[in-house]
Amino acid sequence: MSSSGEPRKAPPGSVWVCQACGKYSKDRFGDDPVKSRGWDASCMLNSALYDICQLNIDEATDRVTSIKGKDADGCCDWEFEFKQPA
Ligand SMILES: [Zn+2]
């Protein structure tokens, strides 16, 4: 499972996104309670690494609603701010 060469922690400017439910996490295994709340084993299995600027996030549900293609400029380099759990 760990032989893919992909990093467990998303590099700066990117996050793991569950393509099944839209949750996102900095840690692929969901170990950080703030940055990966609700993330579970199925999210890990459905996850892929995306640049943050590719993501459209619904503020109300705090889920990724759609994923844009990368632009030719190589996208963004800003760090995503995770909201604190309510
Ligand atoms: Zn999920």
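## Strands β1 and β2

In this predicted model, Val17 has Tyr24 of β2 standing opposite. The two strands involved, β1 and β2, run antiparallel and are joined by two bridges. Strand β1 covers residues 14-18 and β2 covers residues 24-25.

## The three-stranded sheet

Strand β1 also pairs with β3, again in antiparallel fashion, and here five bridges join the strands. One residue pair in this ladder is Trp16 with its bridge partner Leu49 in β3. Taken together, the three strands form an open sheet in the order β2-β1-β3, with antiparallel pairing. Its edge strands are β2 and β3, each of which pairs on one side only.

Strand β3 spans residues 47-51 and is mostly covered, with four of its five residues buried. In a regular strand, side chains alternate between the two faces of the sheet.

## The chain as a whole

The chain has one helix and five strands. Along the sequence these elements follow the pattern β-β-α-β-β-β. The chain has 86 residues, and buried residues make up 37% of them. Its exposed surface is about 5300 Å², of which carbon and sulfur atoms supply 51%.

Contacts across long stretches of sequence can also be counted. Of the contacts between residues at least 6 apart in sequence, 44% join residues at least 24 apart.

## The nonpolar cores

The largest nonpolar core has nine residues: Val15, Val17, Tyr24, Ala48, Tyr50, Ile52, Leu55, Val64 and Phe82. Strands β1 and β3 each supply at least two residues of this core. A second, separate core has six residues, among them Ala10, Cys18, Cys43 and Met44. In soluble globular proteins, nonpolar side chains tend to be buried together.

Val15, a member of the largest core, has a long list of contacts. Leaving aside residues up to four places away in sequence, Val15 touches Ala10, Tyr24, Ser25, Lys26, Ala48, Leu49, Tyr50, Ile52, Leu55 and Phe82.

## The zinc site

Three cysteines are the protein donors of the zinc ion: Cys18, Cys21 and Cys43, each through its SG atom. These donors lie 2.1 to 2.3 Å from the ion, and their spacing along the chain is C-x2-C-x21-C. The pair of Cys21 and Cys43 links distant parts of the chain, 22 residues apart. Cys21 belongs to the loop between β1 and β2, whereas Cys43 belongs to helix α1, residues 41-45.

The two residues of this pair can be described by their accessibility. Cys21 has a relative accessible area of 28% and is therefore partly exposed. Cys43 counts as buried because its relative accessibility is 1%. Two of the donors, Cys18 and Cys43, are also among the residues of the second core.

## The loop between β2 and α1

Lys26 lies in the loop between β2 and α1. Its relative accessible area is 12%, so Lys26 is buried, the cut-off being under 20%. The side chain of Lys26 reaches two backbone oxygens. That of Pro11 is at 3.4 Å, and that of Ser14 lies 2.8 Å from a polar atom of the Lys26 side chain. Lys26 is also one of the residues that Val15 touches.

Asp32 is found in the loop between β2 and α1 as well. With a relative accessible area of 24%, Asp32 is partly exposed. Not counting residues up to four places away in sequence, Asp32 touches Asp27 and Arg37.

## The hairpin of β4 and β5

Strand β4, residues 55-58, and strand β5, residues 63-67, run antiparallel and are joined by four bridges. Leu55 has Ile67 as its bridge partner in β5. Leu55 is also part of the largest nonpolar core, as is Val64.

The hairpin has four residues between its strands. Asp62 is in the loop between β4 and β5, where its phi is near 60 degrees, a positive value in a residue other than glycine. Asp62 is buried, because its relative accessible area is 16%.

Terms used: Residues are numbered from 1 along each chain as its sequence is written. This is a predicted model: local features need pLDDT of at least 70, side-chain atom pairs count only at pLDDT 80 or more; totals for chains, interfaces and linings use all residues. Side-chain values use heavy atoms; hydrogens and water are left out. Buried means under 20% relative accessible area, exposed over 50%, partly exposed in between (1.4 Å probe, protein chains only). Contact means heavy atoms within 4.5 Å. Accessible areas come from the Shrake-Rupley method with a 1.4 Å probe; for residues, only the protein chains shown count as cover. Donors are N, O and S atoms within 2.8 Å of the metal (3.2 Å for Na, K and Ca); water is not among the atoms, so sites may look incomplete. Two strands pair if DSSP finds at least two bridges between them. A nonpolar core is a set of buried Ala, Val, Leu, Ile, Met, Phe, Trp, Tyr and Cys residues joined through side-chain atoms within 4.5 Å. A polar contact is a pair of N or O atoms within 3.5 Å; within protein, one must be able to donate a hydrogen and the other to accept it, and residues adjacent in sequence count only if both atoms are side-chain atoms.
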